[in-house]
Structures are given as structure tokens and as C-alpha cells.
Amino acid sequence: MDNIYGKIIPLEAAMEYFYDEMTLMFGGFGGVGSPPTLIDGILQKGIKNLTLVGNDTGFPDIGIGKLVSKGRAKKVIASHIGSNPIAGQLMTTGELEVEFSPQGILAERIRAGGVGLGGILSDIGLENDIVTANKSQLRVNGQTYIVEPALTADVSIIYAKKADPFGNLVYDKSARNTNPLVAMAGKITIAEVEEFVPLGSLNPEEIVTPGIFVSKMVHTKGVDWKWAWEKTVEK
């Protein structure tokens, strides 16, 4: 949904980008850095059968864990699910498919997807049948590697401290975590932002995610989008 306010849209318009059976990538680490307003909106819209890609499954009532705990995901690709016991229960009963990927490998797979690579090569787990099962291997310069496929998503959702109208993003300390990588790997990337500032007011050195990677933005808590836009206009 385009409008005269550019990338800043109301939460209701952002919800048009989410649908059943989609692959959804999310930023955050244990809930820190995950976009709460977008996640609540997806939950309220009733989206289901999601394939979720991200560092973890949050907690039962925090972060992406809300969607997992309500049974809205059919598959999760993550580094761990230990902080959300409901995710473990669903996996045990066969209601949730879980693909584990070591945290560093997962981050690299997301980065590879974001920069257009087909995958990465890793020698981690070569001697483990569980790790190598159903994965291709490749020899390069006499060394054998596992081919870890790149990860992308229909939509990526991220969380930022500040943004200007173009979508240049600044993160808040550790809330930065996987958000910059996730921002690159979605066909559409929607950022939830705490504060909008005028174009040109951000120090170029503090911008982590350039606006070229950001498709749309909503204000955290879903406040009036026109108000959010007006905050970006120099007085």
C-alpha cells in the first residue's frame, strides 16, 4: 500500500504483506530486538502455517515465541528453542518441524541470502551423521565442506531505535543482534521503529542498515502514521 508518506505506513497497511504459508524471517535474540507490534499484528490477523527463520523461538509470551506458542508456525529454522518450552513440546509431538542450525552458521546463511549467494561452505560437523544428513558436500582445494544453503524470506521483520524517512536505521546496543542481516534477506523488509527523525539528522557513521534494504516502516506501538511522518519533517 503506497501513500504520500512514502515508506512510513500504518500498522493495518503493513498487515497486508503477511499471509498463510509464508516464510517469515525475524530479527531478535531471545525477544530482544524483535518487533513486538508487528508480531502482535500478525497474531491478531490469524496468520498460520508460517515457516519462521531466526535465531531462536523467544519465550512463550515474548518475541516470536507468541506465534510459536499459539501454534501459528509449521516450521522453524533456528539455532535453539530452549527458552521456549512450548516449542519443545510442539516439536516432540510432531506439530512443529524444527531445523537446527548453529548460531554462526545460521547468521552466515542469512547473510548469504541477503547478498545473493546460493549458500556457504562449512567444515563444522563433517564427522556427524546428523549434521551431514540430506546435505550436499563439496571438495575445494582438497578440503571437504558441507554446503549450507542460503536463507531468504517472503518478508523480514526487524526492530530499530531510529529511522529517517528513507529507512536508514540505527539500532539500540545489543538489540542490533541479527537485525541487520535479516533486513537484507527478505523480499520485503518491514521495520518497526521507536523514533522517526528528519532526513539528514542521522550521523552516517551510526547508520547500520541503509534504507535501500527497507521496504516499509511502522511506528512501534502502532501510533498514528501521519504523526510519525510529521516527526521527520524539519520545522
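**Overall make-up.** I began with the secondary structure of this predicted model, and I found 8 helices and 11 strands in the protein chain. I then looked up the radius of gyration, which is 18 Å and lies close to the 18 Å that the globule rule gives for 235 residues, so the protein chain is as compact as a globular protein of that length. For the outer dimensions I noted that the C-alpha atoms fill a box of roughly 65 × 45 × 30 Å, taken along the principal axes.

**A sheet of three strands.** I turned next to an open sheet of 3 strands, whose order is E5-E7-E6 and whose pairing is antiparallel. The edge strands, each of which pairs on one side only, are strand E5 (119-122) and strand E6 (137-140). I also checked how the neighbouring strands of this sheet are set against each other, and on average they are turned by 40 degrees, direction ignored.

**The pairing of E6 and E7.** Looking at this pair by itself, I counted 4 bridges between E6 and strand E7 (residues 143-149), and the two run antiparallel. Within the pairing, I noted that Arg 139 stands opposite Thr 144 in E7.

**The helix on the sheet.** I asked myself which helix packs on the sheet. I found helix H5 (residues 103-114) there, touching E5 and E7, and the direction of H5 makes about 145 degrees with that of E5.

**The largest pocket.** Last, I searched for empty space, and I recorded that the largest pocket holds about 250 Å³. Its lining is made of 13 residues, and those closest to the centre of the pocket are Phe 100, Ser 101, Ile 130, Val 131 and Lys 135. When I asked which elements give two or more residues to this lining, I found strand E4 (97-100) and helix H6 (129-132). I finally sorted the lining residues of the largest pocket by character, and they divide into 7 nonpolar, 3 polar and 3 charged.

Conventions. Residues are numbered from 1 along each chain as its sequence is written. This is a predicted model: local features need pLDDT of at least 70, side-chain atom pairs count only at pLDDT 80 or more; totals for chains, interfaces and linings use all residues. Side-chain values use heavy atoms; hydrogens and water are left out. On a 1 Å grid over the protein atoms alone, a cavity is a set of points where a 1.4 Å probe fits but cannot get out, and a pocket is an open set with protein on both sides within 12 Å along at least five of seven lines; lining residues have an atom within 4 Å of a point. Grid points are joined across faces, edges and corners, and a volume is the space filled by probe spheres set on the points. Ala, Val, Leu, Ile, Met, Phe, Trp, Tyr, Cys and Pro count as nonpolar, Asp, Glu, Lys and Arg as charged, and the others, Gly among them, as polar. Two strands pair if DSSP finds at least two bridges between them. Axes are lines fitted to C-alpha atoms, for helices over the stretch in contact, and angles run from 0 to 180 degrees between N-to-C directions. Contact means heavy atoms within 4.5 Å. The radius of gyration is taken over C-alpha atoms; the globule rule is 2.2 Å times the number of residues to the power 0.38.
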